[in-house]
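Thanks for coming, everyone. Please take a look at the chain on the screen, and then I'll walk you through it.

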Amino acid sequence: MKSFSRASASKPKHSPLAGSGNFRVLAHGSNPQQISRHEWWLWLSALLVTTLSAVAFLLSSIHSFFYHADYFYEIRSDQARWATLCLILVFNAWLVYRQWSFRRLRRQSTEQPLDSQTVLQQFSEAAGLDPVTGLYTRTSLEQHLGKEVARARRQNTALSLATLHVEEFAHLSMRYGKSAVDVALKELGRRLKKASRGSDIAARWGDDDFLLLLPECGVNEVKQVLNRLGAVEVNSSGQKILLNLTTGWVDYQPGDLPADLLKRAAELLHLYDTAAHDSFSTTLAPH
């Protein structure tokens, strides 16, 4: 497991990583239980509108309410009936549309059933967890990082962000297959959780990049956490897969914003990628 020292602490003027990340959630109202619940509310609304309309028609038949029509805001009984009828027609049009949309949603959910793996992945993403490793997602890490930076600034404590890069990730996927590599990444996620303290946050930043948020953690503590990972080696379908990791860290400097830390971490991960690419090119070059 290779290790890089921390990145430069100079603060950048602008970070393209501010506010990045997309958080996908499950489509609202797309399962049968929610559709049935919405239909019940629709029928209750229809009952309420019908009752109020009947009361309005009943009151419009009482002529004592409509003795005078001297001003523009004083309506006649026939005008009250026509207004109530128009409102009923508008409501019925909306009622037909909602019923049609519910039927369409129910038909789609019936024609395209989700398997257990897809459902698990959707719930994991909705909870802010990576479905393969069980670690936090990029967006979740950004949210936690904002809180920890604010606390480090307020309490004047240390804060570090460890970086981990899986070397030759594309080569591993081509050689062993995606499912086998996912097994190895799952083991890496388990090791990260085991090596972390209770306050640490481990997240999958990209396909082959991982970040570890370490509150109140200086250089020596970062090295201890990374050393606890050990070699990540798994057997999948009779094949032995070894994940070679390149690690490093960046630390919080007074006045840093969360985007500043993320940019320095991204630059460090880019350095890993460039070094691995150059090494691979050198290996293939003729001698």
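Let me start with a question: is E168 buried, partly exposed or exposed? E168 is partly exposed, because its relative accessible area is 46%. Keep in mind that this is a predicted model. E168 sits in the loop between strand 2 and helix 5. Its backbone deserves a look. E168 is not a glycine, yet its phi is positive, about 55°. Most residues other than glycine have a negative phi.

There is another residue of this kind. E216 also has a positive phi, about 50°, without being a glycine. You'll find E216 in the loop between strand 4 and helix 7. With 48% relative accessibility, E216 counts as partly exposed.

Now the overall picture. The chain has 287 residues, and 35% of them count as buried. Its secondary structure comes to 8 helices and 7 strands. The exposed surface is about 18000 Å², with 58% of that supplied by carbon and sulfur atoms. What about contacts along the sequence? Take contacts between residues at least 6 apart: 73% of them join residues at least 24 apart.

On to the inside. The largest nonpolar core holds 29 residues. Which of them touch the most other members? They are V166, L185, L188, L192, F210 and L243. Several elements each supply at least two residues of this core, including strand 2 (159-166), helix 5 (169-176) and helix 6 (178-195). Strand 4 (209-215), helix 7 (219-227), strand 5 (232-236), strand 6 (239-243) and strand 7 do so too. Helix 6 gives the largest share, 7 residues. Apart from this core lies another one, of 19 residues. Among its members are L141, L261, L262 and Y272.

Let's zoom in on two residues of the largest core. Take L185. Beyond its neighbours within four places in sequence, L185 is in contact with V132, T133, V166, F169, R204, D207, F210 and L243.

Then L243, which belongs to strand 6. Is L243 buried or exposed? L243 is buried, because its relative accessible area is 4%, and the cut-off for buried is under 20%. Set aside neighbours within four places again. L243 is then in contact with V166, L172, A184, L185, L188 and V232. One of those pairs is worth a closer look. L243 and V166 are 77 residues apart in sequence. In space, their C-alpha atoms are 6.4 Å apart.

Next, a pair of helices. How do helix 5 and helix 6 lie relative to each other? Their axes come within 7 Å and cross at roughly 125°. Helix 5 and helix 6 are therefore oblique to each other. Who makes the contacts? From helix 5, it's F169, L172, S173 and Y176. From helix 6, they meet K178, A180, V181 and L185.

Stay with Y176 for a moment. Its C-alpha atom is 7.8 Å from that of Q239, and the two residues are 63 apart along the chain. Q239 is in strand 6. Q239 counts as partly exposed, because its relative accessibility is 29%. Leaving out neighbours within four places in sequence, Q239 is in contact with R175, Y176 and V234.

Now two polar side chains on the inside. First, T246, in strand 7 (residues 245-251). T246 is buried, because its relative accessible area is 5%. What does the T246 side chain make a polar contact with? The partner is the side chain of E167, at 2.5 Å.

Second, D256. D256 is in the loop between strand 7 and helix 8 (258-284). D256 is buried as well, because its relative accessible area is 0%. The D256 side chain reaches the backbone nitrogen of Q253, at 2.8 Å.

Last stop: S36, in helix 1 (residues 32-60). S36 is partly exposed, because its relative accessible area is 32%. The C-alpha atoms of S36 and F102 are separated by 8.6 Å. Along the chain, S36 and F102 are 66 residues apart.

That's the tour. Happy to take questions.

Methods
Residues numbered from 1 in each chain as written. Predicted model: local features only at pLDDT ≥ 70, side-chain atom pairs only at ≥ 80, totals over all residues. Heavy atoms only, no water. Helix = DSSP H or I, 4+ residues; strand = E, 2+ residues; numbered from the N terminus. Buried < 20%, exposed > 50% of the residue type's maximum accessible area, 1.4 Å probe, protein only. Polar contact = N/O pair within 3.5 Å; in protein donor to acceptor, adjacent residues only side chain to side chain. Core = buried A, V, L, I, M, F, W, Y, C linked by side-chain atoms within 4.5 Å. Contact = heavy atoms within 4.5 Å. Areas by Shrake-Rupley, 256 points an atom, 1.4 Å probe, with all protein chains shown as cover. Axes fitted to C-alpha atoms, helices over the stretch in contact; angles between N-to-C directions. Parallel < 35°, antiparallel > 145°, perpendicular 65-115°, else oblique.
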